[in-house]
Amino acid sequence: MTSRSVSRYHLFATFALLPAPYLTKGQQLTDNIDIFRLTQILCGAWFVPHLFGKVTHFAKAQGTFEAAGLRPGAVFLVAAIAMELVALVGLGVGVVPRLGGLAGAIVLAGAAFAVVKINGMNWRWQNMGPEYPLFWAAICLIAGFN
């Protein structure tokens with residue numbers, strides 16, 4: 001085993017939240033990973049860019065909410081930001097995963113509603129359909145209530 005492959009192994013072990021020295025002979029790195037916890041972390045983390053976009057482009061986001069018929073847009077936008085923060089902390093940090101999963105699912109269901117309201121009912125994502133946010137809403141519920 002070269003020093004290069006060892007460093008890659010340790011890097012992956014660190015990423016997977018499993019210290020490499022605890023692996024026994026014949027044990028795989030993925031044997032001790034809690035896939036549901038990892039899913040919670042990822043679901044929570046993926047709200048970060050949404051929050052960043054809404055906060056840094058507040059006026060544009062407000063216009064999107066109003067285009068979807070959610071008026072006043074600023075009120076719905078602030079509510080969405082608050083619920084995304086709950087999802088980020090609840091799922092990502094693991095403080096209140098059920099509440100985080102529910103908040104994330106509600107925000108994503110609202111996003112699916114907005115997509116249909118603005119673009120019409122096109123199921124496929126290539127046509128701006130709602131299936132992608134609905135899928136992630138289901139994953140947030142599964143991750144939060146596991």
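A residue counts as buried here when its relative accessible area is under 20%, as exposed when that area is over 50%, and as partly exposed in between. With that in hand, welcome to a set of close-ups of a predicted model.

**Figure 1. The whole chain is built from 7 helices and 0 strands.** Let us start with the overall view. Following the sequence from one end to the other gives the pattern α-α-α-α-α-α-α. The chain has 146 residues, and 30% of them count as buried. Its accessible surface comes to about 9300 Å², and carbon and sulfur atoms account for 70% of that area. Contacts also reach across the sequence: among those between residues at least 6 apart, 53% join residues at least 24 apart.

**Figure 2. Glu 84 and Lys 54 form a salt bridge.** The closest N and O atoms of the two side chains are 2.8 Å apart. This pair ties together distant parts of the chain, since Glu 84 belongs to helix H5 while Lys 54 belongs to helix H3 (residues 47–56), 30 residues away. The count for the model is 1 salt bridge. Are the two partners buried or exposed? Glu 84 is buried, with a relative accessible area of 1%. Lys 54 has a relative accessibility of 15%, so it counts as buried too, being under the 20% limit. Around Glu 84, and leaving out residues up to four places away in sequence, the contacts are with Phe 47, His 50, Leu 51, Lys 54 and Val 107. The salt-bridge partner Lys 54 is thus one of the residues that Glu 84 touches.

**Figure 3. The largest nonpolar core brings together 12 residues.** Take a moment to find the members: Cys 43, Phe 47, Ala 87, Leu 91, Ala 105, Val 107, Leu 108, Trp 136, Ala 137, Ile 139, Cys 140 and Ala 143. Three elements give two or more residues each to this core, namely H5, helix H6 (97–119) and helix H7 (131–145). Which of the elements supplies the largest share of this core? That is H7, with 5 residues. A second, separate core has 9 residues, including Leu 51, Phe 65, Ala 68 and Ile 81. For a look at how one member of the largest core is surrounded, go to Ala 143: once its neighbours within four places in sequence are set aside, Ala 143 is in contact with Thr 39, Gln 40, Cys 43 and Leu 91.

**Figure 4. Cys 43 and Cys 140 lie 4.2 Å apart, sulfur to sulfur, without a bond.** The two cysteines may catch your eye as a possible disulfide, yet a search of the whole structure finds 0 disulfides. Why is Cys 43 not bonded to Cys 140? The cysteine sulfur closest to that of Cys 43 is the one in Cys 140, and at 4.2 Å it is too far for a bond, because a disulfide needs the sulfur atoms within 2.5 Å. Looking from the other side, Cys 140 is in no disulfide either, and the nearest cysteine sulfur is that of Cys 43. Cys 43 counts as buried, with a relative accessibility of 2%. Cys 140 also counts as buried, at 2%.

**Figure 5. A cis peptide bond joins Arg 71 to Pro 72.** The omega angle of this bond is near -5 degrees. Pro 72 sits in the loop between H4 and H5. Glu 66, which lies in helix H4 (residues 58–67), reaches this region: apart from residues up to four places away in sequence, it touches Arg 71, Pro 72 and Gly 73. Glu 66 counts as partly exposed, with a relative accessibility of 27%. Across the loop, the C-alpha atoms of Glu 66 and Phe 76 are separated by 8.9 Å, and the two residues are 10 apart along the chain.

**Figure 6. A nonpolar patch of about 470 Å² lies on the surface.** The patch is made by Val 86, Val 89, Val 93, Val 95, Val 96 and Leu 99. Helix H5 (residues 73–93) gives the largest share of the patch, 3 residues. Val 93 is found in this helix, and it is exposed, with a relative accessible area of 57%.

Definitions and conventions:
Residues are numbered from 1 along each chain as its sequence is written. This is a predicted model: local features need pLDDT of at least 70, side-chain atom pairs count only at pLDDT 80 or more; totals for chains, interfaces and linings use all residues. Side-chain values use heavy atoms; hydrogens and water are left out. Patches are made of residues with over 30% relative accessible area and no salt bridge: like charges are joined within 9 Å, nonpolar side chains (Val, Leu, Ile, Met, Phe, Trp, Tyr) within 5 Å. Accessible areas come from the Shrake-Rupley method with a 1.4 Å probe; for residues, only the protein chains shown count as cover. A salt bridge is a side-chain nitrogen of Lys or Arg within 4 Å of a carboxyl oxygen of Asp or Glu. Helices (H or I, at least four residues) and strands (E, at least two) are DSSP runs, numbered from the N terminus. Buried means under 20% relative accessible area, exposed over 50%, partly exposed in between (1.4 Å probe, protein chains only). A nonpolar core is a set of buried Ala, Val, Leu, Ile, Met, Phe, Trp, Tyr and Cys residues joined through side-chain atoms within 4.5 Å. Contact means heavy atoms within 4.5 Å.
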